[in-house]
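Please work through the exercises below with the sequence and the model open beside you. Each one sets a task and is followed by a solution that goes step by step.

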Amino acid sequence: MAGKIQTAPDEFRDHISTVDADGKRVWVYPKKPKGKLYNYRKWVSYALLTLLFAGPLIKLNGLPLLMLNVVERKFVILGVLFWPQDFFILVLAFLAMVVFIILFTVVYGRLFCGWICPQTIFLEMVFRRIEYAIEGNYTKQKALNKMPWNGEKVLKKTVKTAIFLLISLVIANTFLAFVIGIDELKKIVLEGPQHDLVGFGTLMAFTGVFYWVFAYFREQVCTIVCPYGRLQGVMLDKKSLVVAYDYGRGEPRAKLRKGHVRTQGDCIDCNQCVQVCPTGIDIRNGAQQLECINCTACIDACNDIIRMIEKPEGLIRYDSEEAIAEGRKWTLFTPRVLGYTAILVVLLSALTTLLVVRDDAQATILRTPGQLYQKTEQGTIKNLYNISVINKTNHEMPLTLKLLSGNGTIQVIGSELVLPAQGIAEGVFFAEIPKNQLQGMNSKIEIGVYYDNELITTQDTKFLAPAK
Ligand code: SF4
Ligand code: SF4
């Protein structure tokens, strides 16, 4: 009976595939994947891994490409330094990112999980491939785990553990480099635990966590821990693009029998799609299963089989639940997708504008506490101010101050104001304005901060004067 799912509907949704009825872990031994999409994923992962490992080494304007130093509250994105004072830009960027992720997921499903997520890339494209190389394909791995400890098992497990630990150490170093910067990391590594026990301990702790995740915890990250994975149920709908089984074409499934004229659906119940699945599910149970990371391994496996029986590829493919139910192809340019894309463009434009108009420095000017004003013999009034300027660039800036409102002057007290790279400069100055130019006892004035004769930021403040 074509068009119906054969398995008991939705029963599989009551439990996850990697935990049995007693709550024990079911270890997944996926068959080594191969195929066109797997090869494409390999190339994408090579590019992303290169970017990830080279990221901390690449500098733009003398700053790293990306650094998220939560401890010192210093953030660098694409070589641009953000301070806590840029909080609103970071909040907007965060909101834009959340909206982007939601809209992207509504339209393109879990494309990110299968192709871009570091967890999938490291597990499927690094650790799992090393495991296949050392322990063999899934049947050999099962046999190795069952066999008593002997020379072969000790050797294979030791080599695998050593390589896994080494890669985990490299990942931990890279991760820390993105947090504290490559220069700080170098110090921790080169000077050893005697100089920075906390830094060194953190590095070791992260190595241990990454090893545990990729050697033992594995796909459970996606099904149990990852909030993005857990939220799929509310973000995806029947129009989203997902890896799906075309049950209209495949059912009723039946094994191939020699000499029999086949009247059933295209699925020959070979189980290849289940054997390659790294999360241990059967995609034929239905699309949008919690565990499915859209890795495409089942598409490749099924296409291999379907080619052999001389049927058209795509029994398992990227498609939407709705399109499969209606027997048509998924279309990208629907009014919904265009609407979502328009919202994304507006958000990204707002963000770009904020970044472009952002000042290189930010000044805070306040009247010095406890000081009122001074009258001079020349008929001018002086107010004393404290100034603090933050440098958002990576170069030193000698500063000059100018009064932008009225004809007054500014005299910096003490040495010249020099703003260190990525630092803060503080100083004290007098603003002096002729009495006859002041409107009242409390006037608003604007002070400009200049670097190299170029106005880099302005700040409004109050100017006090006598009533008469
Ligand atoms: S069902 Fe297919 S796409 Fe989903 S995780 Fe398993 S193999 Fe990957
Ligand atoms: S690989 Fe394709 S043909 Fe084989 S069981 Fe899965 S869906 Fe059916």
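**Exercise 1: a proline in a loop**

Pro 278 counts as buried, its relative accessibility being 3%, where buried means under 20% relative accessible area, exposed over 50% and partly exposed in between, for a 1.4 Å probe and protein chains only. This is a predicted model, in which local features need pLDDT of at least 70 and side-chain atom pairs count only at pLDDT 80 or more, while totals for chains, interfaces and linings use all residues. Residues are numbered from 1 along each chain as its sequence is written, chains are lettered from A and ligands numbered from 1 in the order in which they are written, and side-chain values use heavy atoms, with hydrogens and water left out.

Task: locate Pro 278 and state which residues it touches, not counting residues up to four places away in sequence.

Solution. Begin with the location: Pro 278 sits in the loop between α13 (272-275) and α14, helices here being DSSP runs of H or I with at least four residues and strands runs of E with at least two, numbered from the N terminus. Next, list the contacts, meaning heavy atoms within 4.5 Å: Pro 278 touches Val 28, Pro 30, Glu 124, Arg 128, Glu 219, Ile 293 and Cys 295, leaving out residues up to four places away in sequence. Finally, take the C-alpha distance to Pro 33, which is 9.4 Å although the two residues are 245 apart along the chain.

**Exercise 2: the two sides of a helix**

Task: determine which residues of α1 are buried and which on the other side are exposed.

Solution. First, establish the helix itself: α1 (residues 36-54) has 19 residues and reaches 27 Å from its first C-alpha to its last, close to the 27 Å expected at 1.5 Å a residue, the expected span being 1.5 Å times one less than the number of residues. Then pick out the buried residues, which are Leu 37, Tyr 38, Arg 41, Lys 42, Ser 45 and Leu 49. These cover an arc of only 140° around the axis and therefore lie on the same side of α1, the arc being that of the directions from the helix axis to the C-beta atoms. On the other side of α1, Lys 36, Trp 43, Thr 50 and Leu 51 are exposed. As a last step, ask what covers the buried residues: the cover includes α3 (111-115), α4 (118-135) and α14 (297-308).

**Exercise 3: a helix pair**

Task: describe how α4 and α5 pack.

Solution. Start from the geometry: α4 and helix α5 (residues 138-146) pack at about 70°, with their axes 9 Å apart; axes are lines fitted to C-alpha atoms, for helices over the stretch in contact, and angles run from 0 to 180 degrees between N-to-C directions. The pair is therefore roughly perpendicular, a class that spans 65 to 115 degrees, with under 35 counted as roughly parallel, over 145 as roughly antiparallel and the rest as oblique. Now name the contact residues, which are Glu 131, Tyr 132 and Glu 135 of α4, and Lys 140, Gln 141 and Leu 144 of α5.

**Exercise 4: backbone exceptions**

Task: find where a cis peptide bond occurs and which residue has a positive phi of about 70°.

Solution. Recall first that most residues other than glycine have a negative phi, and that most peptide bonds are trans. The cis bond joins Glu 251 and Pro 252, with omega about -5°, and Pro 252 is placed in the loop between α12 (247-250) and α13. The positive phi of about 70° belongs to Asn 271, which is not a glycine. Asn 271 is found in the loop between α12 and α13, and with a relative accessible area of 32% it is partly exposed.
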